[in-house]
Every structure is written in C-alpha cells, then in structure tokens.
Amino acid sequence: MFDYQAPQDLLKDRVILITGAGDGIGRACALSSAAHGATVVLIGRTPSKLEAVYDEIEASGFPQPALCPLNLETALEKDYLDLADQLFDTFGKLDGLVHNAALLGPRTMLDNVKAEAWLQLMQVNVNAPFLLSKSMMPLLRAAPDASVVCVSSSVGRKGKAFWGPYAVSKFALEGMMQVFAEEQEGTSAIRFNSLNPGATRTSMRAAAYPGEAPETNPEPGQIMPAFLYLLGPDSKTVNGQALDAQ
C-alpha cells in the first residue's frame, strides 16, 4: 500500500467527500483524488481555504468539485441531512467519504482538561463523523463499492500521556469504524477502514511538536498512495482494518 501506483483514472466517475479539505492532509487528498478522476466534495469551516482548493482543481483541468462550507463544531443533524439531500439530487451516490477534519485540543493531563474543551473536541472529532456517516449511508449504498476512510492516529491505538481528549477521540473513531465495518460486512458494498497518517508536515503536527524540524516529515502529498488505494476499487475487499500510511 505504501508503494501503491494508482492508475491515472483510478477514481474516474467517483464522488468523494473530504472533511477538513481546506489544508493539510485534507487538501492533499482532495487534489490527489481529483487528479485521479474523482469529483470531490470539499467540506470545511473556512470558505476562503476551500475556494483556493476549488480554484486549484479547476485550473488543473480536473473534474469540477463541489464546495460545501460546514462548521462541524456547530452543525446539527439537520445540516448533515440537508447536505445528503443536496448531494443525492446532484450526484445520486457517494463513492468515498474521508473523515479527516479534527481538532488537536489541549495537550495536558486528562484531569486538567476543561469540560468545554472536551465537549468541543468530541463534537468535531467523534460526533461529526458519526452524524456525517449516518446521513450519507443511503448515498454510500447507492455506489457500486463505497469506501469510508477514518483518519486516525497512533495515539488512538495506544494511549499516550498528555494527549488528552484528542487521543480519546481517536480511540472512539477507531471503535466506530470497527462497528460500522462489521455491520456492513456481507450486508452492503460499503467498507470502513482507519488510516494513521504518521508524522506528516501539517499545522497540527507543528502545534503538537513545536520543537520538531518540519522538514524531517513528509509533505501530505507524499502519503497519498495509501488514501488512493483505500478510495479506489483495488481495496474493495479490505474492511474493518486499522492501517498506516507510512
């Protein structure tokens, strides 16, 4: 998977929704998916960042993306259902869903975390992926082989001191992926997997490791082979797995 060579038309005629698509790994995933033929649905809270990605995709001559600003911290279930209705009217299906958006939150001992910070982070990192997955299930079922990718973390697979609610949220995301995966096994063509990007040159990584030299880590675009593999048809038998991008 690390050395996966994606055919240029790997994602042709596929519709892929990516949260946190305005920068970092989400932006790289949107650009890479579009470059391989996908129509990408750009979800994020900052319209200007989404518009920049939209313009870059259009300027490259890739399929026209869909721009859908949405603040996952304040979005209600109705907002997700309205989004699903819009996408159904426009595309009639959803072939891929990448849960990438996340907050880092406070890096401190758990008993020092304020309730407000805990609830804010859980809303974005756990509740939003649940509500979005739930609302998109009819569109995912309408696709020939749909893939849901939950962007995880090493601290969501083995607890680590001082990673606070972020680590707990990633454990929750891993568990949700496993439950969805087992429920869909043999009952639909939808697969759920998690993907740990590893150390990557992003703003979140810089915030978590302020003393680290950013150039020691790969750019987000360099870890895209794993994302392309999971979003394309070559992974259609892979379900319920916790995978690493590097």
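User: In which helix do D82 and K78 both lie?
Analyst: This is a predicted model, in which local features need pLDDT of at least 70 and side-chain atom pairs count only at pLDDT 80 or more, while totals for chains, interfaces and linings use all residues. Residues are numbered from 1 along each chain as its sequence is written, and side-chain values use heavy atoms, with hydrogens and water left out. Helices (DSSP runs of H or I, at least four residues) and strands (runs of E, at least two) are numbered from the N terminus. D82 and K78 stand four residues apart, about one turn of the helix, and the helix that holds both, spanning residues 77-90, is α3.

User: How far apart are the N and O atoms where the side chains of D82 and K78 meet?
Analyst: A salt bridge needs a side-chain nitrogen of Lys or Arg within 4 Å of a carboxyl oxygen of Asp or Glu. The side chains of D82 and K78 meet in such a bridge, and its N to O distance is 2.7 Å.

User: Is K78 buried or exposed?
Analyst: The choice rests on relative accessible area, where buried means under 20%, exposed over 50% and partly exposed in between, with a 1.4 Å probe and protein chains only. Its partner D82, at 29% relative accessibility, counts as partly exposed. K78 has a relative accessibility of 55%, so K78 counts as exposed.

User: Which residues do salt bridges that share partners join into one network?
Analyst: The structure holds 11 salt bridges, and in one of them the closest N and O atoms of D145 and R14 are 3.0 Å apart. D145 lies in the loop between α4 and β5, whereas R14 lies in the segment before β1, so this pair ties together parts that are 131 residues apart in sequence. D145 is buried, with a relative accessible area of 11%, and R14 is buried too, at 10%. D82 counts as partly exposed at 29%, and, turning back to the buried pair, the network made by shared partners consists of R14, D145 and R191.

User: How many residues apart in sequence are the parts that R27 and E56 tie together?
Analyst: R27 and E56 form a salt bridge whose closest N and O atoms are 2.8 Å apart. R27 lies in helix α1 and E56 in helix α2, so the pair ties together parts whose separation in sequence, in residues, is 29.

User: What relative accessibility does E56 have?
Analyst: R27, on the other side of this salt bridge, is partly exposed, with a relative accessible area of 31%. E56 also counts as partly exposed, and its relative accessibility is 33%.

User: Where does F162, with its positive phi, lie?
Analyst: Phi of F162 is near 70 degrees, which is a positive value in a residue other than glycine. F162 is partly exposed, with a relative accessible area of 47%. Its place is in the loop between β5 (146-151) and α5.

User: What relative accessible area does D13 have?
Analyst: D13 is not a glycine, yet its phi is positive, at about 70 degrees. D13 lies in the segment before β1, a strand of residues 15-19. D13 is exposed, with a relative accessible area of 56%.

User: In which helix does W118 lie?
Analyst: W118 has a relative accessible area of 31%, so W118 is partly exposed. The helix in which W118 lies covers residues 115-141 and is named α4.
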